[in-house]
Amino acid sequence: MAITFENTIYDDIMETLAKLINDEFSVPVYYDEHKGNQSFLLAPESDTLVTNLSSGVQREYTINITCQLKIGGQYNKNNMKTITQVLERLKRLIYDNKLYSNGSVWFDANISDIEYERDTDDATILRGIGTFNCQNIEVT
């Protein structure tokens with residue numbers, strides 16, 4: 001007999017996250033590679049069992065959210081301000097949606113870390129990489 005399952009990390013977590021980001025920023029969200037002058041890239045990092053429940057499991061999911069910005073001209077403080085504003089806005093977006101769909105999609109959502117980097121091969125590319133964490137209860 002075949003088992004039944006749901007692809008929670010992709011169908012619920014990543015797709016909901018992509019929609020939230022796209023609605024807020026009107027910037028494309030991809031899963032494979034950055035395209036254009038500005039885009040977000042979502043990449044699953046982990047899926048961790050928190051606890052077994054009598055009728056399901058509680059899991060924690062971690063997704064890396066990379067915002068890439070291709071700047072014109074030289075690297076300067078205005079370019080850094082642009083990328084940091086995007087990530088600050090992303091932190092607020094997740095905070096305002098820390099409980100999504102009354103917790104049925106996720107709860108305790110947060111951006112735990114943000115790293116900023118300048119591409120070593122292309123000095124016109126700036127990135128901000130946020131670590132998104134949330135929990136979900138899967139009912140069996």
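## Close-up views of the predicted model

**View A. The largest pocket of this predicted model has a volume of about 240 Å³.** Its lining consists of Thr4, Phe5, Glu6, Thr8, Asp12, Ser104, Asn136, Ile137, Glu138, Val139 and Thr140. Two elements each give two or more residues to this lining, helix H1 (8-25) and strand S5 (125-139). Strand S5 supplies the largest share, four residues. Sorted by class, the lining holds three nonpolar, five polar and three charged residues.

**View B. Leu53, Ile137 and Val139 make a nonpolar surface patch.** The area of the patch is about 260 Å². Two of its members, Ile137 and Val139, also belong to the lining of the largest pocket. Val139 is placed in strand S5. With a relative accessible area of 65%, Val139 is exposed.

**View C. The whole protein is shown for orientation, with two helices and five strands.** Read from the N terminus, the order of the elements is α-β-β-β-α-β-β. The C-alpha trace spans about 60 × 30 × 25 Å along its principal axes. Of the 140 residues in the protein, 40% are buried.

**View D. Gly128 is a buried residue of strand S5.** The relative accessible area of Gly128 is 0%. The C-alpha atom of Gly128 is separated by 8.2 Å from that of Ile65. Along the chain, these two residues are 63 residues apart.

**View E. A salt bridge joins Glu24 and Arg89.** The closest N and O atoms of this pair are 3.0 Å apart. Glu24 belongs to helix H1 and Arg89 to helix H2 (residues 77-96), so the salt bridge ties together parts that are 65 residues apart in sequence. Both partners are in the intermediate class of accessibility: Glu24 is partly exposed at 34% relative accessible area, and Arg89 is partly exposed at 38%. A search of the whole structure gives nine salt bridges.

**View F. Lys70 and Asp122 form a salt bridge.** Here the closest N and O atoms are 3.0 Å apart. Lys70 lies in strand S3 (residues 56-70), while Asp122 lies in the loop between strand S4 (107-118) and S5, so the pair ties together parts that are 52 residues apart in sequence. Lys70 has a relative accessible area of 36% and is partly exposed. Asp122, at 25% relative accessibility, is also partly exposed.

**View G. The side chains of Asp119 and Arg127 meet in a salt bridge.** The N to O distance is 2.6 Å. Asp119 and Arg127 are both buried. A network of salt bridges links these two residues with Glu117. In general, side chains of opposite charge can pair when their charged atoms come close.

Technical notes:
Residues are numbered from 1 along each chain as its sequence is written. This is a predicted model: local features need pLDDT of at least 70, side-chain atom pairs count only at pLDDT 80 or more; totals for chains, interfaces and linings use all residues. Side-chain values use heavy atoms; hydrogens and water are left out. On a 1 Å grid over the protein atoms alone, a cavity is a set of points where a 1.4 Å probe fits but cannot get out, and a pocket is an open set with protein on both sides within 12 Å along at least five of seven lines; lining residues have an atom within 4 Å of a point. Grid points are joined across faces, edges and corners, and a volume is the space filled by probe spheres set on the points. Ala, Val, Leu, Ile, Met, Phe, Trp, Tyr, Cys and Pro count as nonpolar, Asp, Glu, Lys and Arg as charged, and the others, Gly among them, as polar. Patches are made of residues with over 30% relative accessible area and no salt bridge: like charges are joined within 9 Å, nonpolar side chains (Val, Leu, Ile, Met, Phe, Trp, Tyr) within 5 Å. Accessible areas come from the Shrake-Rupley method with a 1.4 Å probe; for residues, only the protein chains shown count as cover. A salt bridge is a side-chain nitrogen of Lys or Arg within 4 Å of a carboxyl oxygen of Asp or Glu. Buried means under 20% relative accessible area, exposed over 50%, partly exposed in between (1.4 Å probe, protein chains only).
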